[in-house]
Amino acid sequence: MTQENSAGERLRERARAVIPGGMYGHQAAPGPAFPQFMRGGRGARVWDVDGHEYVDLMCSYGPVVLGHAHPAVEAAAAAQAEQGDCQNAPGPVMVELAELLVGTVRHADWAMFAKNGTDATTMCATIARAQTGREKILVATGAYHGSAPWCTPRPAGVTAADRANLGHYTFNDLASVRRAVAEAGEDLAGIMVSPFRHDAGFDQEIVDPAFARGLRELCDATGAALILDDVRCGFRLHLGSSWEPIGVDPDLSAWSKAIANGRALAAVLGNGAFREGAQRIFVTGSFWFSAVPMAAAIATITALATEGAIETMRHRGEALRDGILAQARAWDLAVHYTGPPAMPYLTFAGDTGHELGGVFAAQALRGGAYLHPRHNWFVSAAMTGDDVALVLEATDQAFAAVRKHLGQ
Ligand SMILES: Cc1ncc(COP(=O)(O)O)c(C=O)c1O
């Protein structure tokens, strides 16, 4: 928590002088109560630069899935670093990781790698266009697919040409997709979709399986690519693509965040029908072939499987949900608790400006639970029953603060 003359406050002041706006993007602290700079983390706990400890419910906005500094992942990364990282050509780990992903994710026949989720979603769009020879990509209104000019949610610096080949539909509304498909006509290259609706600041919406099947059918009928943006959900909800449990396979999928438990890596996975397009595009980056994150990814995916991490996250998430909903009832506060248990989000009824959400999150933080007022939370597999209990103590105080704020 930021206090006058604290290390956090001094860093903020220095940052204001040398970093535009003091900070940018989604890691700008969500309010003055929140630390802007962190010192480190172990398991489900993190510390800010002033040494305050929190149970981490943001997990670096998704990358940390097994907990901070997971021993097997760190050991694999250290062993690879000893050999080499950024070299004239990739290490054997690139092929090993591609094989592991192809063996783990049902729709994947091949894999390509990059650094960030935006790289992966942008590559998916480019591959869809290269393969189909068409230009239009449909996205859900309000969905986040990254920060490149074609998809950034802020219009500053973006030209109309950057967005000219996008069409829009409403998540879970097949009729709106059919209209957008008809509008794109012969020029439809792909439909991009997230596994569930997780637009920041809004209640989350689980996908209707009939909607997912409808998208698959529309893509089959038109030859367009079904592109699943699994950047946020991938390897948190299922050990495979997030739509495997509902039986819908995309043609292309974008991954990053949890794939290497916090190391910088992204992947595009695709089926055989889109291999040729993937082969023809030119994409690369100076650091895209670094071996250390790839070794970390192999260790992460292996640990996710052997440690039953997906079930642990679901169970901890369910305990958290049940506790928080019981507290909301006890405080007589109307809340919406949405999203899968491992990626929940809490809003207060009618709190469209997030005023109550802000009061709640700031007090939860003071009680030692790091969660966000305008973004979904992330449960890691490192969370223990004690961590859940500590979070629930903090959220009880947070509901009390909201009650007080309402003056009742
Ligand atoms: C669904 C989704 N797609 C794409 C991205 C972009 O990923 P990155 O920030 O790594 O570029 C994000 C990041 O939050 C995301 O949640």
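The seven-stranded sheet of this predicted model is open, has mixed pairing and follows the order β4-β10-β9-β8-β7-β5-β6, where strands are DSSP runs of E with at least two residues, numbered from the N terminus, and two strands pair if DSSP finds at least two bridges between them. At the edges stand β4 (110–114) and β6 (166–169), each of which has a single partner strand, so that one side of each is left without a neighbour in the sheet. From one strand to the next the twist averages 20 degrees, with axes taken as lines fitted to C-alpha atoms and angles running from 0 to 180 degrees between N-to-C directions. Within this sheet, β7 (residues 188–193) and β8 (residues 225–229) run parallel and are joined by four bridges, and I191 has L226 of β8 as its bridge partner.

Residues are numbered from 1 along each chain as its sequence is written. Local features need pLDDT of at least 70 and side-chain atom pairs count only at pLDDT 80 or more, whereas totals for chains, interfaces and linings use all residues, and side-chain values use heavy atoms, with hydrogens and water left out.

A further open sheet, of four strands and also with mixed pairing, has the order β1-β2-β3-β13, and its edge strands, β1 (38–42) and β13 (369–370), each pair on one side only. Strand β1 runs antiparallel to β2 (residues 45–48), to which four bridges join it, and G40 stands opposite W47 in β2. The pairing of β2 with β3 (residues 53–56) is likewise antiparallel, over three bridges, and here W47 stands opposite E53 in β3. These two strands, β2 and β3, form a hairpin with four residues between them, and G51 in the turn has a positive phi of about 90 degrees. By contrast, β3 and β13 pair in the parallel sense over two bridges, with Y370 in β13 as the bridge partner of D56.

The ligand is surrounded by N116, G117, T118, Y144, H145, G146, H198, D229, V231, R232 and K257, a residue being near a molecule if one of its heavy atoms lies within 4 Å of it. This shell divides into two nonpolar, six polar and three charged residues, where Ala, Val, Leu, Ile, Met, Phe, Trp, Tyr, Cys and Pro count as nonpolar, Asp, Glu, Lys and Arg as charged, and the others, Gly among them, as polar. Polar contacts (pairs of N or O atoms within 3.5 Å) include one between a nitrogen atom of the ligand and an N or O atom in the side chain of D229, at 2.7 Å. An oxygen atom of the ligand lies 2.8 Å from a polar side-chain atom of R232, and an N or O atom in the side chain of K257 is 3.1 Å from an oxygen atom of the ligand. Taken alone the ligand exposes 390 Å², of which the protein buries 91%, according to the Shrake-Rupley method with a 1.4 Å probe.

In total, the secondary structure of the chain comes to 12 helices and 13 strands, helices being DSSP runs of H or I with at least four residues. The C-alpha atoms fill a box of roughly 60 × 55 × 45 Å along the principal axes. The radius of gyration of the chain, taken over C-alpha atoms, is 21 Å, which agrees with the value near 22 Å for a compact globule of 408 residues under the rule of 2.2 Å times the number of residues to the power 0.38.

Notes:
Polar contact = N/O pair within 3.5 Å; in protein donor to acceptor, adjacent residues only side chain to side chain.
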